[in-house]
Amino acid sequence: MTEAGLPPLLGVAEVQRRLLIIFPDGSPNRGYCTREMAARTVFVALYVGALEGKGAWLAPKHVYRMTEEQAAATSPEDRLAYANAAMRPGYDPPGTRWYADNTREPIRDETLREGLVAVGAATTRTDLATTSSKPRYALTADFAALFRPDLCGDELTDAIASWQRATLSKGALTRLKLRRRSGSGTDSVLVAFPNGETRRLASGPSSEIARAVIESFAPAFLREPFVLWLSESGNKVVARDDAVAAEIGLTIQADRDLPDLILVDLGPTEPLLIFVEVVATDGPVSERRRRSLLDIAEADGFDPRRVAFLTAFADRDAPGYQKTYRNLAWGSFAWFASEPDKLMVLHDGDVELVRLLCAGEG
(Lines give C-alpha, C1' and ligand atoms only; values in the text may rest on other atoms or scores of the structure.)
Protein backbone atom coordinates (compact mmCIF):
# COMPACT_ATOMS: atom_id res chain seq x y z
CA MET A 1 0.00 0.00 0.00
CA THR A 2 1.07 3.61 -0.59
CA GLU A 3 1.25 6.11 2.22
CA ALA A 4 -2.30 7.14 1.26
CA GLY A 5 -3.51 3.56 1.66
CA LEU A 6 -3.84 2.98 -2.09
CA PRO A 7 -2.86 -0.42 -3.53
CA PRO A 8 -0.08 -0.77 -6.13
CA LEU A 9 -1.30 -0.95 -9.71
CA LEU A 10 -1.11 -3.33 -12.65
CA GLY A 11 -1.75 -2.21 -16.21
CA VAL A 12 -5.18 -2.85 -17.71
CA ALA A 13 -3.83 -5.57 -20.03
CA GLU A 14 -2.40 -7.55 -17.12
CA VAL A 15 -5.60 -7.07 -15.12
CA GLN A 16 -7.56 -8.58 -17.99
CA ARG A 17 -5.09 -11.46 -18.36
CA ARG A 18 -5.63 -12.33 -14.71
CA LEU A 19 -9.41 -11.97 -14.98
CA LEU A 20 -9.44 -14.56 -17.77
CA ILE A 21 -7.68 -16.98 -15.41
CA ILE A 22 -9.73 -16.10 -12.34
CA PHE A 23 -13.01 -16.66 -14.20
CA PRO A 24 -12.59 -19.86 -16.25
CA ASP A 25 -15.03 -21.11 -18.88
CA GLY A 26 -18.35 -21.90 -17.25
CA SER A 27 -18.11 -19.19 -14.59
CA PRO A 28 -21.35 -17.21 -14.08
CA ASN A 29 -21.54 -14.24 -16.48
CA ARG A 30 -17.91 -14.79 -17.48
CA GLY A 31 -18.12 -12.29 -20.32
CA TYR A 32 -19.16 -9.48 -17.99
CA CYS A 33 -16.25 -10.32 -15.66
CA THR A 34 -13.45 -10.71 -18.21
CA ARG A 35 -14.00 -8.25 -21.07
CA GLU A 36 -11.96 -5.06 -21.40
CA MET A 37 -14.66 -3.03 -19.67
CA ALA A 38 -14.32 -5.31 -16.64
CA ALA A 39 -10.53 -4.98 -16.67
CA ARG A 40 -10.81 -1.20 -16.81
CA THR A 41 -13.37 -1.22 -14.01
CA VAL A 42 -11.11 -3.30 -11.77
CA PHE A 43 -8.14 -1.08 -12.65
CA VAL A 44 -10.06 2.09 -11.75
CA ALA A 45 -11.35 0.57 -8.50
CA LEU A 46 -7.74 -0.13 -7.52
CA TYR A 47 -6.70 3.31 -8.80
CA VAL A 48 -9.14 5.17 -6.54
CA GLY A 49 -8.71 2.73 -3.64
CA ALA A 50 -12.28 1.38 -3.70
CA LEU A 51 -11.53 -1.69 -1.60
CA GLU A 52 -13.74 -3.41 0.95
CA GLY A 53 -13.30 -1.96 4.42
CA LYS A 54 -11.29 1.08 3.29
CA GLY A 55 -14.15 3.58 3.15
CA ALA A 56 -13.61 4.57 -0.50
CA TRP A 57 -16.19 3.65 -3.13
CA LEU A 58 -16.36 3.40 -6.92
CA ALA A 59 -18.99 4.89 -9.22
CA PRO A 60 -19.40 4.15 -12.95
CA LYS A 61 -18.43 7.79 -13.47
CA HIS A 62 -14.91 6.99 -12.25
CA VAL A 63 -14.60 4.44 -15.04
CA TYR A 64 -16.08 6.22 -18.03
CA ARG A 65 -14.24 9.49 -17.28
CA MET A 66 -10.83 7.80 -17.04
CA THR A 67 -8.25 8.47 -19.77
CA GLU A 68 -4.91 6.90 -20.67
CA GLU A 69 -3.16 10.06 -19.52
CA GLN A 70 -4.90 9.99 -16.15
CA ALA A 71 -4.26 6.26 -15.74
CA ALA A 72 -0.54 6.94 -16.21
CA ALA A 73 -0.57 9.49 -13.37
CA THR A 74 -0.04 7.05 -10.53
CA SER A 75 1.20 9.11 -7.60
CA PRO A 76 -1.04 8.91 -4.51
CA GLU A 77 -1.82 12.61 -4.92
CA ASP A 78 -2.93 12.18 -8.53
CA ARG A 79 -5.05 9.15 -7.70
CA LEU A 80 -6.83 10.73 -4.74
CA ALA A 81 -7.40 13.94 -6.67
CA TYR A 82 -9.02 12.00 -9.50
CA ALA A 83 -11.20 9.98 -7.11
CA ASN A 84 -12.75 13.19 -5.81
CA ALA A 85 -12.74 15.29 -9.00
CA ALA A 86 -14.32 12.62 -11.22
CA MET A 87 -17.57 12.92 -9.28
CA ARG A 88 -17.93 16.65 -9.99
CA PRO A 89 -20.30 17.70 -12.79
CA GLY A 90 -18.51 18.58 -16.01
CA TYR A 91 -15.08 17.31 -14.92
CA ASP A 92 -12.76 15.99 -17.63
CA PRO A 93 -9.18 14.82 -16.97
CA PRO A 94 -6.49 15.31 -19.63
CA GLY A 95 -6.82 13.10 -22.72
CA THR A 96 -9.68 11.21 -24.34
CA ARG A 97 -12.24 9.52 -22.15
CA TRP A 98 -12.35 5.75 -22.13
CA TYR A 99 -16.13 5.80 -22.54
CA ALA A 100 -18.99 8.19 -23.17
CA ASP A 101 -21.47 9.13 -20.47
CA ASN A 102 -24.08 6.74 -21.86
CA THR A 103 -21.80 3.80 -20.99
CA ARG A 104 -22.90 4.20 -17.37
CA GLU A 105 -25.55 1.47 -17.70
CA PRO A 106 -23.36 -1.40 -19.01
CA ILE A 107 -20.66 -0.57 -16.44
CA ARG A 108 -23.20 -0.48 -13.61
CA ASP A 109 -25.67 -3.19 -14.66
CA GLU A 110 -23.46 -5.70 -16.49
CA THR A 111 -19.88 -5.36 -15.30
CA LEU A 112 -20.69 -4.54 -11.67
CA ARG A 113 -24.15 -5.79 -10.66
CA GLU A 114 -24.47 -8.84 -12.90
CA GLY A 115 -20.75 -9.50 -13.08
CA LEU A 116 -18.39 -8.72 -10.23
CA VAL A 117 -20.96 -8.19 -7.47
CA ALA A 118 -22.95 -11.29 -8.44
CA VAL A 119 -19.92 -13.57 -8.03
CA GLY A 120 -18.60 -12.03 -4.84
CA ALA A 121 -15.68 -10.12 -6.38
CA ALA A 122 -17.18 -6.76 -5.47
CA THR A 123 -19.53 -5.48 -2.82
CA THR A 124 -21.99 -2.63 -2.68
CA ARG A 125 -23.14 -0.15 -0.05
CA THR A 126 -26.50 -0.87 1.55
CA ASP A 127 -26.98 2.54 3.16
CA LEU A 128 -27.76 4.42 -0.06
CA ALA A 129 -31.06 4.82 -1.83
CA THR A 130 -31.21 3.03 -5.15
CA THR A 131 -31.57 6.40 -6.88
CA SER A 132 -28.48 7.90 -5.25
CA SER A 133 -25.63 8.90 -7.58
CA LYS A 134 -23.00 8.55 -4.85
CA PRO A 135 -20.26 5.92 -5.34
CA ARG A 136 -21.41 2.56 -3.96
CA TYR A 137 -19.11 -0.23 -5.21
CA ALA A 138 -15.83 -1.69 -3.90
CA LEU A 139 -13.71 -4.73 -4.70
CA THR A 140 -13.71 -7.36 -1.97
CA ALA A 141 -10.41 -7.51 -0.15
CA ASP A 142 -9.51 -11.09 -1.15
CA PHE A 143 -10.35 -10.43 -4.81
CA ALA A 144 -8.34 -7.19 -4.92
CA ALA A 145 -5.35 -9.07 -3.47
CA LEU A 146 -5.18 -11.15 -6.66
CA PHE A 147 -3.96 -8.04 -8.53
CA ARG A 148 -0.87 -7.33 -6.46
CA PRO A 149 2.01 -6.74 -8.89
CA ASP A 150 4.37 -8.79 -6.70
CA LEU A 151 2.04 -11.82 -6.84
CA CYS A 152 3.21 -14.01 -9.70
CA GLY A 153 4.08 -17.55 -10.78
CA ASP A 154 3.01 -20.41 -8.54
CA GLU A 155 2.05 -18.01 -5.77
CA LEU A 156 -0.45 -16.28 -8.07
CA THR A 157 -1.79 -19.62 -9.34
CA ASP A 158 -2.31 -20.87 -5.79
CA ALA A 159 -3.97 -17.61 -4.69
CA ILE A 160 -6.39 -17.70 -7.63
CA ALA A 161 -7.24 -21.36 -6.99
CA SER A 162 -7.92 -20.62 -3.33
CA TRP A 163 -10.20 -17.69 -4.20
CA GLN A 164 -12.08 -19.79 -6.74
CA ARG A 165 -12.72 -22.57 -4.21
CA ALA A 166 -13.97 -20.10 -1.63
CA THR A 167 -16.02 -17.90 -3.95
CA LEU A 168 -17.03 -19.64 -7.18
CA SER A 169 -18.21 -23.00 -5.80
CA LYS A 170 -21.91 -23.75 -6.11
CA GLY A 171 -22.38 -23.53 -2.36
CA ALA A 172 -20.53 -20.23 -2.10
CA LEU A 173 -22.59 -18.64 -4.88
CA THR A 174 -25.83 -19.86 -3.33
CA ARG A 175 -24.75 -18.53 0.06
CA LEU A 176 -24.00 -15.16 -1.53
CA LYS A 177 -27.43 -14.98 -3.15
CA LEU A 178 -29.16 -15.81 0.12
CA ARG A 179 -27.25 -13.13 1.99
CA ARG A 180 -27.98 -10.52 -0.66
CA ARG A 181 -31.66 -11.43 -0.68
CA SER A 182 -32.00 -11.31 3.10
CA GLY A 183 -30.36 -7.89 3.17
CA SER A 184 -32.11 -6.49 0.13
CA GLY A 185 -34.61 -4.38 2.05
CA THR A 186 -37.61 -5.67 0.09
CA ASP A 187 -40.77 -6.13 2.15
CA SER A 188 -41.72 -9.64 1.03
CA VAL A 189 -40.40 -12.95 -0.30
CA LEU A 190 -42.36 -14.64 -3.09
CA VAL A 191 -42.48 -18.43 -2.73
CA ALA A 192 -43.44 -20.72 -5.62
CA PHE A 193 -45.23 -23.87 -4.42
CA PRO A 194 -44.88 -27.25 -6.17
CA ASN A 195 -48.48 -27.01 -7.42
CA GLY A 196 -47.79 -23.70 -9.17
CA GLU A 197 -49.36 -21.43 -6.55
CA THR A 198 -47.41 -18.59 -4.95
CA ARG A 199 -47.42 -17.05 -1.50
CA ARG A 200 -45.64 -14.07 0.03
CA LEU A 201 -43.66 -14.16 3.26
CA ALA A 202 -42.35 -11.21 5.21
CA SER A 203 -38.81 -10.37 4.14
CA GLY A 204 -36.04 -11.89 6.25
CA PRO A 205 -33.60 -14.77 6.54
CA SER A 206 -36.20 -17.26 7.83
CA SER A 207 -38.39 -16.58 4.81
CA GLU A 208 -35.47 -17.09 2.44
CA ILE A 209 -34.72 -20.47 4.03
CA ALA A 210 -38.39 -21.47 3.86
CA ARG A 211 -38.48 -20.54 0.19
CA ALA A 212 -35.37 -22.64 -0.42
CA VAL A 213 -36.94 -25.65 1.30
CA ILE A 214 -40.05 -25.43 -0.88
CA GLU A 215 -38.35 -24.54 -4.16
CA SER A 216 -35.11 -26.56 -3.84
CA PHE A 217 -35.31 -29.27 -1.17
CA ALA A 218 -38.80 -30.53 -1.97
CA PRO A 219 -38.29 -31.19 -5.71
CA ALA A 220 -34.81 -32.64 -5.10
CA PHE A 221 -35.70 -35.16 -2.39
CA LEU A 222 -39.42 -35.85 -2.83
CA ARG A 223 -41.14 -37.46 -5.78
CA GLU A 224 -44.48 -35.62 -5.56
CA PRO A 225 -44.09 -32.85 -2.97
CA PHE A 226 -46.98 -30.90 -1.54
CA VAL A 227 -47.06 -28.08 1.03
CA LEU A 228 -49.59 -28.80 3.77
CA TRP A 229 -48.69 -25.99 6.15
CA LEU A 230 -46.50 -22.90 6.15
CA SER A 231 -46.26 -20.31 8.90
CA GLU A 232 -43.89 -17.51 9.77
CA SER A 233 -42.78 -15.67 12.89
CA GLY A 234 -45.66 -14.46 15.02
CA ASN A 235 -47.59 -17.65 14.19
CA LYS A 236 -48.95 -16.08 11.03
CA VAL A 237 -50.36 -18.85 8.84
CA VAL A 238 -49.29 -18.30 5.25
CA ALA A 239 -50.66 -21.51 3.76
CA ARG A 240 -52.61 -24.54 4.93
CA ASP A 241 -54.40 -27.25 2.99
CA ASP A 242 -56.94 -28.98 5.21
CA ALA A 243 -58.40 -30.97 2.32
CA VAL A 244 -55.17 -32.74 1.38
CA ALA A 245 -54.24 -33.09 5.05
CA ALA A 246 -57.58 -34.80 5.70
CA GLU A 247 -57.03 -37.15 2.77
CA ILE A 248 -53.79 -38.42 4.30
CA GLY A 249 -55.23 -38.43 7.81
CA LEU A 250 -53.49 -35.42 9.38
CA THR A 251 -55.45 -32.87 11.37
CA ILE A 252 -53.99 -29.37 11.00
CA GLN A 253 -54.74 -27.19 13.99
CA ALA A 254 -52.72 -24.07 14.73
CA ASP A 255 -52.93 -24.74 18.46
CA ARG A 256 -51.16 -28.11 18.09
CA ASP A 257 -47.69 -26.49 18.22
CA LEU A 258 -47.00 -27.22 14.57
CA PRO A 259 -43.61 -26.63 12.95
CA ASP A 260 -42.76 -23.86 10.51
CA LEU A 261 -43.49 -26.05 7.52
CA ILE A 262 -45.14 -29.40 6.82
CA LEU A 263 -44.46 -31.17 3.54
CA VAL A 264 -45.90 -34.43 2.29
CA ASP A 265 -44.64 -36.66 -0.48
CA LEU A 266 -47.70 -38.03 -2.28
CA GLY A 267 -45.59 -40.13 -4.64
CA PRO A 268 -45.34 -43.40 -2.71
CA THR A 269 -48.26 -45.68 -1.87
CA GLU A 270 -48.07 -44.56 1.75
CA PRO A 271 -47.43 -40.79 1.94
CA LEU A 272 -44.26 -39.58 3.66
CA LEU A 273 -44.82 -36.72 6.11
CA ILE A 274 -41.97 -34.23 6.65
CA PHE A 275 -42.00 -31.82 9.59
CA VAL A 276 -39.63 -28.91 8.91
CA GLU A 277 -38.22 -26.35 11.31
CA VAL A 278 -36.59 -23.33 9.68
CA VAL A 279 -33.66 -21.98 11.68
CA ALA A 280 -32.18 -18.54 11.14
CA THR A 281 -31.25 -18.09 14.80
CA ASP A 282 -32.90 -20.80 16.92
CA GLY A 283 -35.56 -23.52 17.08
CA PRO A 284 -34.12 -26.72 15.54
CA VAL A 285 -35.66 -30.19 15.66
CA SER A 286 -34.26 -31.12 19.05
CA GLU A 287 -35.03 -34.42 20.74
CA ARG A 288 -37.85 -32.79 22.72
CA ARG A 289 -39.25 -31.14 19.57
CA ARG A 290 -38.98 -34.36 17.57
CA ARG A 291 -40.94 -36.22 20.26
CA SER A 292 -43.70 -33.61 20.37
CA LEU A 293 -44.06 -33.56 16.58
CA LEU A 294 -44.09 -37.34 16.44
CA ASP A 295 -46.87 -37.33 19.05
CA ILE A 296 -48.94 -35.16 16.70
CA ALA A 297 -48.43 -37.59 13.82
CA GLU A 298 -49.07 -40.68 15.91
CA ALA A 299 -52.23 -39.15 17.38
CA ASP A 300 -53.58 -39.08 13.83
CA GLY A 301 -52.54 -42.67 13.20
CA PHE A 302 -49.37 -42.03 11.21
CA ASP A 303 -46.79 -44.81 11.14
CA PRO A 304 -43.62 -43.34 12.74
CA ARG A 305 -41.63 -44.93 9.91
CA ARG A 306 -43.43 -42.60 7.47
CA VAL A 307 -42.58 -39.40 9.36
CA ALA A 308 -39.34 -37.46 8.79
CA PHE A 309 -37.96 -34.47 10.68
CA LEU A 310 -35.89 -31.80 8.95
CA THR A 311 -34.09 -28.74 10.27
CA ALA A 312 -33.30 -26.26 7.49
CA PHE A 313 -30.45 -23.75 7.71
CA ALA A 314 -29.04 -21.17 5.34
CA ASP A 315 -25.50 -22.48 5.56
CA ARG A 316 -23.11 -24.50 7.70
CA ASP A 317 -21.33 -21.24 8.55
CA ALA A 318 -24.56 -19.51 9.54
CA PRO A 319 -24.92 -18.45 13.20
CA GLY A 320 -28.16 -20.43 13.48
CA TYR A 321 -26.37 -23.70 12.69
CA GLN A 322 -23.30 -22.93 14.77
CA LYS A 323 -25.55 -22.17 17.73
CA THR A 324 -27.91 -25.15 17.50
CA TYR A 325 -26.22 -28.10 15.78
CA ARG A 326 -25.44 -29.78 19.13
CA ASN A 327 -29.18 -29.95 19.86
CA LEU A 328 -30.25 -31.66 16.63
CA ALA A 329 -32.18 -34.84 17.34
CA TRP A 330 -30.94 -38.26 16.36
CA GLY A 331 -33.19 -39.70 13.71
CA SER A 332 -33.63 -36.30 12.05
CA PHE A 333 -32.09 -34.59 9.01
CA ALA A 334 -30.37 -31.25 8.45
CA TRP A 335 -30.37 -29.41 5.13
CA PHE A 336 -28.53 -26.29 4.01
CA ALA A 337 -29.87 -23.89 1.38
CA SER A 338 -26.32 -23.14 0.21
CA GLU A 339 -25.77 -26.85 -0.58
CA PRO A 340 -29.19 -27.84 -1.91
CA ASP A 341 -28.23 -31.26 -3.26
CA LYS A 342 -26.75 -32.45 0.06
CA LEU A 343 -28.53 -33.84 3.12
CA MET A 344 -27.09 -34.39 6.59
CA VAL A 345 -28.36 -37.55 8.28
CA LEU A 346 -28.31 -37.91 12.06
CA HIS A 347 -28.52 -41.67 11.77
CA ASP A 348 -30.00 -43.61 14.67
CA GLY A 349 -30.39 -46.98 13.00
CA ASP A 350 -33.61 -46.27 11.08
CA VAL A 351 -32.44 -47.30 7.64
CA GLU A 352 -35.88 -46.91 6.06
CA LEU A 353 -36.14 -43.12 6.44
CA VAL A 354 -32.56 -42.65 5.24
CA ARG A 355 -33.37 -44.73 2.17
CA LEU A 356 -36.58 -42.84 1.47
CA LEU A 357 -35.04 -39.36 1.45
CA CYS A 358 -31.41 -39.91 0.50
CA ALA A 359 -32.10 -42.37 -2.30
CA GLY A 360 -34.82 -40.17 -3.71
CA GLU A 361 -37.36 -42.94 -3.27
CA GLY A 362 -39.79 -40.98 -1.12
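User: In strand 8, which residue is the bridge partner of leucine 263?

Analyst: This is a predicted model. Within it, leucine 263 is bridged to isoleucine 274 of strand 8. That pair belongs to a wider pattern: strand 7 and strand 8 (residues 272–278) run antiparallel, with five bridges between them.

User: How many residues does the hairpin use to join strand 7 to strand 8?

Analyst: Six residues make the connection.

User: Which residue in strand 7 is the bridge partner of proline 225?

Analyst: Aspartate 265 takes that role. Strand 5 (residues 225–232) is joined to strand 7 by five bridges, and these two strands are also antiparallel.

User: Are the faces of strand 7 covered or open?

Analyst: Both are covered. Leu261, Leu263 and Asp265 lie buried on one side, while Ile262 and Val264 are buried on the other. For strand 7 (residues 261–265), that is five buried residues of five.

User: How should I read burial along a helix?

Analyst: In an α-helix there are 3.6 residues a turn, so residues three or four places apart point the same way. Take helix 9 (residues 153–167): Leu156, Ile160, Trp163 and Thr167 are buried. They span an arc of only 65 degrees around the axis, and therefore sit on the same side of helix 9.

User: Which exposed residues does the face turned away from the buried side of helix 9 carry?

Analyst: Asp154, Asp158, Arg165 and Ala166 are the exposed residues there.

User: What span does helix 9 reach from its first C-alpha to its last?

Analyst: Its 15 residues reach 21 Å, close to the 21 Å expected at 1.5 Å a residue.

Methods
Residues numbered from 1 in each chain as written. Predicted model: local features only at pLDDT ≥ 70, side-chain atom pairs only at ≥ 80, totals over all residues. Heavy atoms only, no water. Buried < 20%, exposed > 50% of the residue type's maximum accessible area, 1.4 Å probe, protein only. Helix = DSSP H or I, 4+ residues; strand = E, 2+ residues; numbered from the N terminus. Pairing = 2+ DSSP bridges. Expected span 1.5 Å × (residues − 1). Arc of directions from axis to C-beta.
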